Amino acid sequence: MNKSRRQALALTLAATAAFAAAPSWAQAWPSKPITLVVAYPAGGDTDALARLFAEKLSTRVGQPVVVDNRPGASGVIGSSFVAKAPADGYTLLVAPSTFSIAQIVLKTGSGSGYDVVNGFTPIIQTAMMPLFVVSGPASGAKTLKEMVNTAKSSQALSYASPGSGSPMHILGEMFNKSAGLGIKHVPYKGVAPAINDVLGGHVPLTVVTYGPIAPYLPGGKLVPLAVADRARSPLAPNVPTLAELGYKDVEVVAWNGIFAPKGLSPEIVKTLNAHFNEILKMPDVVSKMAVLGALPLGGTPETLAKTNAADFERFGRVIKELGIQAD
C-alpha cells in the first residue's frame, strides 16, 4: 500500500471513530419524546403556557412533547427533579419567576440541593406577566389614591394573593412599606380562589396578573388601580404605573422561562432557543398568551440567566427584609 493510500485510510478510520464516539445528541436530536416539567398543578398560567409551547415544539421537532406536572414546596420539587435529570435535551423546566425565590421563602430548608443561579442551563425567557393592584366590590375604590386613603383611615383593608411567597405577595408587602400602610395579606392556594373571594366581597383587594381579571373589567366588577411595571402595559394601557402614582421603588414583574439541567450541550441550547424564539412570534401563540395576561419575550439564554440572577439577588434581600415566607 502506497503512502497516499495509507494516509487516506488513516483519515477515514479517524473520522469513523470520531463519529462513533460522538454523543448521541450529535447524531440525532431529538430521537425520542421531550418532557416539559411544570412544578405546579395543572390548570395554572405556567401549565397553560407549557401546553401551548409543547404543541408547537412537537410540530417543529417531529417528536411528542409532553407536559409533566410535579407540584409541591413552592415549585422546588419539580425544579429539583429537572436539576437531577440527564442533560440530554429531553427534560426541560417551564418555570415562573417564583423559580428564582422559592428556596428563599420556604420556612425550612428544602433539601433540594440545587443552585438556582448556576445549577441549570437557561434556554429562553418566554414571557413577562405584569402585576396589577386590583380593587373588588368590598373596597369600592376606583383609584389607588382612594384605596390608600381608605387604608389610612380607621377602616382595615386586606389583599388576596395566590400564595405566600409569590411575586404578588412580595409586591403587596413592598407597596405596604412604600406607602406606610398595613394592608393585611390573605394567601390562597392559587389565583382562582383568590379572585373568587374578591368578587364575592370577602377580600377588598388583590394583586394578580391580567388574564384572570380581564373577564370582570368591562362590567366594573374588578377595577385595576395600578400596574407594577416600569411602563404601562399594552394589555391595559389606561392603567397607570405605581411609579406614576408616586411609588417609584415598587416594581415587580412576573415572568416565565425555560431551563434545562446544567451541562446541556451548546448545540442543543442553540436549537431549542431558535425554536422557541420562532414559536413566540406565531400570531396564534401571541393571542393565546394575551388571554393568559402574558406578553411574549424571547431572546438569548444569557438574557434569562441575567434576569434570574438579578431576581434572586434583589428579591432575596426584599424577602429577608420584609420577613416574607411561604406556607
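Twelve helices and ten strands make up the secondary structure of the protein, and the model that shows them is a predicted one. Of its 327 residues, 51% count as buried, and the surface that the protein exposes comes to about 14,700 Å², with carbon and sulfur atoms supplying 56% of it. Among the contacts with a separation of 6 or more, 78% are accounted for by residues 24 or more positions apart.

**Confidence**

- The average pLDDT of the protein is 90, and 90% of the residues score at least 70.
- Residues 11-26 stand apart from that average, since pLDDT stays under 50 over this stretch, and the model has six contacts beyond four places in sequence for these residues.

**Packing of helices α3 and α11**

- Helix α3, which covers residues 45-61, packs with helix α11, residues 283-291, at an angle of about 170 degrees, and the two axes lie 11 Å apart.
- Angles over 145 degrees count as roughly antiparallel, and α3 and α11 are therefore roughly antiparallel to each other.
- On the α3 side the contact involves Leu49, Leu52, Phe53 and Lys56, which meet Asp284, Val285, Lys288 and Met289 of α11; the residues of this contact divide into five nonpolar, no polar and three charged.
- As background to the spacing of such residues, an α-helix has 3.6 residues a turn, so residues three or four places apart point the same way.

**Helix α4 and its surroundings**

- Helix α4 spans residues 76-83, and its buried residues are Val76, Gly78, Ser79, Ser80 and Val82.
- These buried residues of α4 pack against strands β1 (34-38), β3, β4 (120-135) and β9 (253-261), and also against helix α5.

**Strand β3 and the loop that follows**

- Ala95 belongs to strand β3 and counts as buried, at 2% relative accessibility.
- Leaving aside neighbours within four places in sequence, Ala95 is in contact with Trp255, Asn256, Gly257 and Phe259.
- The C-alpha atoms of Ala95 and Thr46 are separated by 6.9 Å, although the two residues are 49 residues apart along the chain.
- Ser97 is placed in the loop between β3 (91-96) and α5 (102-105), and with a relative accessible area of 6% Ser97 is buried, because buried means under 20%.
- Not counting residues up to four places away in sequence, Ser97 touches Pro167, Val253, Ala254, Trp255 and Asp311; Trp255 is thus listed among the contacts of Ser97 and also among those of Ala95.

**Backbone features in the loops**

- The peptide bond that runs from Trp29 to Pro30 is cis, with omega near 0 degrees, and Pro30 is found in the loop between α2 (24-27) and β1.
- Ala73, in the loop between β2 (65-69) and α4, has a phi near 55 degrees, which is a positive value in a residue other than glycine.
- Ser74 also has its place in the loop between β2 and α4, and its phi is positive too, at about 55 degrees, although Ser74 is not a glycine.
- Both residues count as partly exposed, Ala73 with a relative accessible area of 39% and Ser74 with one of 26%.

Conventions:
Residues are numbered from 1 along each chain as its sequence is written. This is a predicted model: local features need pLDDT of at least 70, side-chain atom pairs count only at pLDDT 80 or more; totals for chains, interfaces and linings use all residues. Side-chain values use heavy atoms; hydrogens and water are left out. pLDDT is the predictor's confidence in each residue, from 0 to 100. Contact means heavy atoms within 4.5 Å. Axes are lines fitted to C-alpha atoms, for helices over the stretch in contact, and angles run from 0 to 180 degrees between N-to-C directions. Helices (H or I, at least four residues) and strands (E, at least two) are DSSP runs, numbered from the N terminus. Angles under 35 degrees count as roughly parallel, over 145 as roughly antiparallel, 65 to 115 as roughly perpendicular and the rest as oblique. Ala, Val, Leu, Ile, Met, Phe, Trp, Tyr, Cys and Pro count as nonpolar, Asp, Glu, Lys and Arg as charged, and the others, Gly among them, as polar. Buried means under 20% relative accessible area, exposed over 50%, partly exposed in between (1.4 Å probe, protein chains only). Accessible areas come from the Shrake-Rupley method with a 1.4 Å probe; for residues, only the protein chains shown count as cover.
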